[in-house]
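The following exercises concern backbone geometry and the burial of side chains. Each task is followed by a solution in steps.

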Amino acid sequence: MEYELSGLSAVQTLGLDPIAFAGAVQVWVNNNKENIDPKGGNARIAFQNHTYTVTYTVNGDMTVFFIVNVQP
C-alpha cells in the first residue's frame, strides 16, 4: 500500500517534520495492512516520543493511504 501525505497542513500545524512523520506513517501502514479499515478510521502512530491520532481514508482498491488529520 502506498502512503500519500494529504494531511500536510495538520502535520505542519503541530510543528512536525513532514518527511520524518511520513516515514513513521509508512512504517505503521506496512506493519498494519490487515488492520486498515477500507472505510477509513483512526490510527495511533508513535513519533518522536509522542503518540498521534491520525485520521485516514484509503482509496477504493486499498492501494493508497491518505492522512485526513493529525491530532496529539
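The model is a predicted one.

**Exercise 1.** Determine whether Gln48 is buried or exposed, and describe its backbone setting.

*Solution.*
1. Gln48 has a relative accessible area of 52%. The cut-off for an exposed residue is over 50%, so Gln48 is exposed.
2. Gln48 belongs to the loop that joins β2 (41-47) and β3 (50-58).
3. Most residues other than glycine have a negative phi.
4. Gln48 is not a glycine, yet its phi is positive, near 50 degrees.

**Exercise 2.** Carry out the analysis for Asn49: what is the sign of its phi, and is it buried or exposed?

*Solution.*
1. The phi of Asn49 is positive, about 65 degrees, although Asn49 is not a glycine.
2. Asn49 lies in the loop between β2 and β3.
3. With a relative accessible area of 83%, Asn49 is exposed.

**Exercise 3.** Characterise helix α2 (residues 18-31) by its span, its buried residues and its N-terminal cap.

*Solution.*
1. Helix α2 contains 14 residues; from first to last C-alpha it reaches 20 Å, close to the 20 Å expected at 1.5 Å a residue.
2. The buried residues of α2 are Pro18, Phe21, Ala22, Ala24, Val25, Trp28 and Val29.
3. These residues cover an arc of only 160 degrees around the axis, and therefore lie on the same side of α2.
4. Ile19 and Asn31, on the other side of α2, are exposed.
5. The N-terminal end of α2 is capped by Asp17, which has a side-chain oxygen 2.9 Å from the backbone nitrogen of Ile19.

Definitions and conventions. Residues are numbered from 1 along each chain as its sequence is written. This is a predicted model: local features need pLDDT of at least 70, side-chain atom pairs count only at pLDDT 80 or more; totals for chains, interfaces and linings use all residues. Side-chain values use heavy atoms; hydrogens and water are left out. Helices (H or I, at least four residues) and strands (E, at least two) are DSSP runs, numbered from the N terminus. Buried means under 20% relative accessible area, exposed over 50%, partly exposed in between (1.4 Å probe, protein chains only). The expected span of a helix is 1.5 Å times one less than its number of residues. The arc is that of the directions from the helix axis to the C-beta atoms. A polar contact is a pair of N or O atoms within 3.5 Å; within protein, one must be able to donate a hydrogen and the other to accept it, and residues adjacent in sequence count only if both atoms are side-chain atoms.
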